[in-house]
Amino acid sequence: MKSDRAAGSGTVAARAHEMLDEAAVGIARLDPDGCCADANSRMVAILGRSAAALAELRWEAITHPQDLRRVEALLSELRSGERGELSIEQRVLRPDGTWVWVSLAASPLRGAGGIVPALVVCVQDITTRRLEDEAIRRSELRFRRLIEKLPAAAYTIDREGLITYHNDRAVLLWGRAPQLNHPDDRYCGSFRLFQSDGSPLAHEHCWMVRALQDGKDYHGKEVLIERPDGSRVTVLAHASPIRNDAGEIVGAMNVLVDISDRKRAELMLIGSELRFAQFMQHLHGLAWIKDFDGRYLYINHAAERLYVRPPDQFIGRTDEEIFPAAAAAQFRENDRKVLSTGEVCETIELLEQEDGLHHWMVSKFPIPGPDGSSTRVGGIAIDVTERVRVREVLQESDRRQDALLERLTCELRAPLAPIRRALEQLRDPHEASPELVAELDRRVAELVRLVDELRESSAPTA
């Protein structure tokens with residue numbers, strides 16, 4: 001009977017040893033000297049040493065110097081009973097000089113009286129995981145260094161919306177530093193959010209949530225951020241989902257670009273353009289703006305009414321596409337003078353219209369671009385056709401009067417000579433005769449006629 005029991009126990013022990021040897025993890029017993037006794041085949045494979053070699057090698061002897069102090073302290077606590085078990089990650093040395101990362105789990109093997117004669121250790125090779133973790137860590141480190149250098153606020157969230165990282169510019173933009181991985185700060189670190197029209201925007205409805213839910217990029221979305229001090233900034237949000245190697249969404253990243261200065265400039269520009277438009281629309285004359293290539297960018301109502309054309313038939317077109325060739329040529333030539341000299345050009349431009357040729361007093365001026373160079377031409381024109389016609393009439397009247405005066409001057413001289421001779425004869429009564437009196441009467445009548453004609457020509461017309 002005893003032999004049968006002994007045989008049975010031997011069989012059980014053998015089977016247990018086989019099971020330990022077939023285990024997927026390395027298993028060994030650390031004896032009081034710290035040597036790896038009874039190492040199974042997986043332990044041999046992980047450490048690259050035979051079971052016999054391990055039985056003569058202390059565990060501390062193959063532990064990496066940077067891990068040695070911590071490992072020695074923990075194993076000592078196990079042997080003394082201060083610790084019930086341990087689980088650590090460390091590096092161990094293989095015979096070929098390579099270091100292998102392992103996960104070490106150990107527990108005391110207690111004997112009689114609570115004495116710990118040995119430790120049972122289990123080892124798993126985690127080198128691949130550690131290398132992957134290290135690669136990820138380095139990648140994240142490079143990522144964070146890159147984000148820190150961005151000239152914009154940036155932050156990331158996890159799948160649950162918790163903020164996992166933010167750069168310093170984000171803190172400056174928000175006016176506060178949100179808590180990382182904390183449920184009180186989700187989706188965005190701003191104090192309050194508003195839509196571009198000023199209506200409130202809940203954090204759980206912001207663009208980061210859309211990126212998480214839709215798995216889509218949302219770029220250039222305008223948002224207002226309110227800081228704890230009540231100040232507001234306008235930003236463009238660029239939210240994108242973050243995916244793992246399997247393509248699953250694990251979080252999202254947002255880059256916030258502060259456009260407050262640009263927004264203020266736009267509002268000022270809009271106000272300026274509104275005042276400009278109001279001024280231009282109330283002008284009785286024509287007003288327009290062209291670009292460097294002569295395309296119309298703006299015309300006022302007066303121009304629309306005059307040419308009986310809607311703005312879309314002007315905007316984007318050139319003079320050559322709108323006016324007769326001769327008129328377009330003079331318009332473009334004067335535009336070129338303005339652009340080339342950067343100076344105001346004041347001139348008269350002619351344009352044939354339905355009721356005849358019109359004269360326009362034009363003032364063209366350069367409009368500088370951001371770099372100071374003239375990139376556009378503005379113009380204002382007033383119809384001076386009637387003024388020109390009146391001037392032409394007056395000039396013709398002056399010409400006729402000058403001709404009349406010259407003719408009358410010549411004709412007045414003609415009767416004066418005989419009158420003077422007749423007067424000399426009349427001084428002698430013996431020389432007077434009826435013929436002489438008749439001649440004087442005829443010449444005087446001629447002078448009266450000339451004076452009347454002169455008076456009529458110089459009288460103002462009704």
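This short talk walks through the strands, cores and one polar residue of a predicted model.

Let me begin with strand E11, which spans residues 249–258. Seven of its ten residues are buried, so strand E11 is largely enclosed by the rest of the structure. Two strands pair with E11: strand E6, residues 153–158, does so in the antiparallel sense over six bridges, and strand E10, residues 232–243, is also antiparallel to E11, over nine bridges. To place these pairings on the structure in front of you, Ile157 stands opposite Ala252 in E11, while Val235 stands opposite Asp258. E10 and E11 form a hairpin with five residues between them, and in that turn Gly247 has a positive phi of about 85°.

Which residues have the most contacts inside the largest nonpolar core? They are Ile157, Ile225 and Leu256, in a core of 26 residues. At least two residues of this core come from each of E6, helix H6 (168–174), helix H7 (207–214), strand E9 (218–226), E10 and E11. A second core, separate from this one, has 24 residues, including Ile62, Val71, Val100 and Leu119. Coming back to Ile157, and setting aside residues up to four places away in sequence, the residues that Ile157 touches include Leu162, Tyr187, Met208 and Leu212, together with Val250, Gly251 and Ala252.

I turn next to Ser240, which lies in strand E10. Is Ser240 buried or exposed? With a relative accessible area of 19%, Ser240 falls under the 20% cut-off and therefore counts as buried, although I would note how close those two numbers are when reading that label. The side chain of Ser240 is joined to that of Asp217 by a polar contact of 3.2 Å. Beyond its neighbours within four places in sequence, Ser240 is in contact with Ala211, Asp217, His219, Ala252 and Met253.

Finally, there is an open sheet of five strands, in the order E13-E12-E16-E15-E14, with antiparallel pairing. Its edge strands, each pairing on one side only, are E13 (296–299) and E14 (345–353), and the twist from one strand to the next averages 25°. Within this sheet, strand E15, residues 356–368, and strand E16, residues 374–383, run antiparallel and are joined by nine bridges, with Pro366 standing opposite Val377 in E16. Helix H11, residues 325–341, lies across E12, E14, E15 and E16, and runs at about 165° to E14.

Key
Residues numbered from 1 in each chain as written. Predicted model: local features only at pLDDT ≥ 70, side-chain atom pairs only at ≥ 80, totals over all residues. Heavy atoms only, no water. Buried < 20%, exposed > 50% of the residue type's maximum accessible area, 1.4 Å probe, protein only. Helix = DSSP H or I, 4+ residues; strand = E, 2+ residues; numbered from the N terminus. Pairing = 2+ DSSP bridges. Core = buried A, V, L, I, M, F, W, Y, C linked by side-chain atoms within 4.5 Å. Contact = heavy atoms within 4.5 Å. Polar contact = N/O pair within 3.5 Å; in protein donor to acceptor, adjacent residues only side chain to side chain. Axes fitted to C-alpha atoms, helices over the stretch in contact; angles between N-to-C directions.
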